[in-house]
Amino acid sequence: MHKHFGRALATATAAALTGGLLTFATAAPATAATGQYAADFNGDGYKDAVATAPQASVGGKWWSGAVGIVYGSSSGVGRTASVSQNATGVPGGAEDSDLFGEAVAVGDLNKDGYSDLVVGTPYEQVGEDVAGGTVVIVWGSSSGLKGATTVKDPAPTKHDRWGQALAVGDFTGDGRPDLAVGATGTTQWIIKGGFTKAGATGAKITYTTSWTGSAGVRRLTSGKINTDTKADLVVGGRAKIGTQRTLDHNFVYFGTSSAPTKRSELPYGTQVAIADLNKDGYGDVVSGWTQTATGSDQDGNGPAVVSYLTSSASVSSSLRLPWPGIPSVGDINGDGYKDLALGDPDDSTEGGVAGAVHLHYGKAAGLTADAVTLTQNSAGVPGAAETNDFFGEGILLTDLTKDGKADLLAAANGENEMDGLVTVLKGSATGITTSGAKTYGPSAFGISTADDPRLGSILAG
Ligand SMILES: [Ca+2]
Ligand SMILES: [Ca+2]
Ligand SMILES: [Ca+2]
Ligand SMILES: [Ca+2]
């Protein structure tokens, strides 16, 4: 089995942000204003997105990591750029094996109208602390992302891999975006809003996860589940609880005016998205896996499951889908029903783990197992399905073109000997279209193809 590098540790990402994005998109679909939790780094009203390349060589340092940036425009992807620890104004410097971009999250943390990008570098050595980890906020501006500020680890001696998971949301309901940061250990942190470029933050508060073991919180997904003003969190980690085997648990935590509180457990999985898929006002959760369901879902793989949740986050009904998948939610055809894209990088229909993307279109009756499946061999999709492409390892539905229809970004992070490739297909009234399809490799972002950058390991926006 190939290794889905970067996925197991980092999912505060496309999925996390989709929940918030949709909340705002539903409330005000036509506004050009920046959503607090949706990526519009340059504030021009067109959604933007990032494609991580955590194994990119930067300044000759292997596996240092970089993040590719696409700026939306009326024609799709406008400008492209990238950021790394060697970029001007970004703290730190590229070093071997830092993995900058192992986790990312988006939100307007300083409330200046420009979305900001939070980047975790969980394997950064901090002083004598190997894999202490660092977190930076890269600031949005009228010219896009530039400059960054470190979010100080409040307890560096208490844990490692600070920043291995990230999520932004107003978890405390005070109107200011907060930052949830995952690390090893059982005590986990929320940095409250009040972020400035000079390094100020609000209060730092803790909550305790219920599982033991050193791996800690490896997934954080922000979204709205109940109808209060506070964002909620799905908190995940690989853990052994009681006499169980080691499993990839996911728990709903409700935001409160202080620390988030645990409410319910969801199906196992390493990939999570929050969105209200049945339009009952309560957020629902899609949990999935990168790997094909060859065994039981307790073996680190299995089918994706849609869990429809109640106001108390209990599961009222669920839908098991016929494949695993990395979920992203958006309204592709603009019919008002949210659609689900599932990246399925292990799909071998077109050859060994060439990958696929399954598009489940929402209807009045809700989502069903019916889907349109795209591979790199589908008519009109650029490129060709090849062994070890992992098409679908990165997945994101977001409206780059501001036409009210979500566009599909799908990454094959194994394309071209692990360089990685991002494919952009536009949404339309009849669904995802291959008309005007475009692809972007590392060079399009100024990212080196030395070593194995694996562009698109995470897509977020
Ligand atoms: Ca923009
Ligand atoms: Ca900002
Ligand atoms: Ca719902
Ligand atoms: Ca739709």
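Biologist: Which strands make up the open sheet, and in what order?

Modeller: The order is β8-β9-β10-β11, with antiparallel pairing in an open sheet of 4 strands. Two strands count as paired if DSSP finds at least two bridges between them. Strands are DSSP runs of E, at least two residues long, and helices runs of H or I, at least four, numbered from the N terminus. This is a predicted model, in which local features need pLDDT of at least 70 and side-chain atom pairs pLDDT 80 or more, while totals for chains, interfaces and linings use all residues. Residues are numbered from 1 along each chain as written, chains are lettered from A and ligands numbered from 1 in written order, and side-chain values use heavy atoms, without hydrogens or water.

Biologist: Which are the edge strands?

Modeller: β8 (165–169) and β11 (204–208) are the edges, each of them pairing on one side only. β8 is joined to β9 (residues 178–182) by 5 bridges, and these two strands run antiparallel.

Biologist: What does glycine 169 bridge to in β9?

Modeller: The partner of glycine 169 there is aspartate 178.

Biologist: Stepping back, how many helices and strands does the protein have?

Modeller: There are 2 helices and 28 strands. The C-alpha trace spans about 55 × 50 × 45 Å along its principal axes. Of the 461 residues, 61% are buried. Buried means under 20% relative accessible area, exposed over 50%, and partly exposed in between (1.4 Å probe, protein chains only).

Biologist: On to the metals. What holds the calcium ion (ligand 2)?

Modeller: The calcium ion (ligand 2) has Asp108 (OD), Asn110 (OD1), Asp112 (OD), Tyr114 (O) and two OD donors listed for Asp116, at 2.3 to 2.5 Å. A donor is an N, O or S atom within 2.8 Å of the metal (3.2 Å for Na, K and Ca); water is not among the atoms, so sites may look incomplete. Along the chain, the donors of ligand 2 are spaced D-x1-N-x1-D-x1-Y-x1-D.

Biologist: Why is the arrangement around ligand 2 called irregular?

Modeller: Because the 6 donor atoms around ligand 2 subtend angles of 54 to 166°. Six donors are octahedral if opposite ones are over 155 degrees apart and all others between 65 and 115; four are square planar by the same test, or tetrahedral if all angles lie between 85 and 135; anything else is irregular.

Biologist: Is aspartate 112 buried, partly exposed or exposed?

Modeller: Aspartate 112 is partly exposed, at 33% relative accessibility. Asp116, another donor to ligand 2, is among the buried residues of β5.

Biologist: Why call β5 enclosed?

Modeller: Strand β5 (residues 116–121) has 6 of its 6 residues buried, so it is largely enclosed by the rest of the structure. Asp116, Val118 and Gly120 point one way, and Leu117, Val119 and Thr121 the other.

Biologist: Which strands are joined to β5?

Modeller: β4 (residues 103–107) is joined to β5 by 5 bridges and runs antiparallel to it. β6 (residues 134–138) is also antiparallel to β5, again with 5 bridges. Valine 118 has a partner in each of them: alanine 105 in β4 and isoleucine 137 in β6.

Biologist: Back to calcium. What are the protein donors of ligand 3?

Modeller: For the calcium ion (ligand 3) they are Asp276 (OD), Asn278 (OD1), Asp280 (OD), Tyr282 (O) and Asp284, listed with two OD donors, at 2.2 to 2.5 Å. The spacing is D-x1-N-x1-D-x1-Y-x1-D, and the site is irregular, with angles of 53 to 164° among 6 donor atoms. Aspartate 276 is buried at 15%, whereas tyrosine 282 is partly exposed at 26%.

Biologist: And which residues coordinate ligand 4?

Modeller: The calcium ion (ligand 4) is coordinated by Asp331 (OD), Asn333 (OD1), Asp335 (OD), Tyr337 (O) and two OD donors listed for Asp339, at 2.3 to 2.6 Å. Its donor spacing reads D-x1-N-x1-D-x1-Y-x1-D. Angles of 53 to 169° make this arrangement irregular. Aspartate 331 is buried at 17%, and aspartate 335 is partly exposed at 37%.

Biologist: What sits over the ring of tyrosine 337?

Modeller: The charged end of lysine 279 does, 4.6 Å from the ring centre. The rule asks for NZ of Lys or CZ of Arg within 6 Å of the ring centre and within 35 degrees of the ring normal. Lysine 402 likewise lies over the face of tyrosine 46, at 4.6 Å from the ring centre.

Biologist: Last one: where is glycine 456?

Modeller: Glycine 456 is in the loop between β27 (433–440) and β28 (459–460). Its relative accessible area is 0%, so glycine 456 counts as buried.
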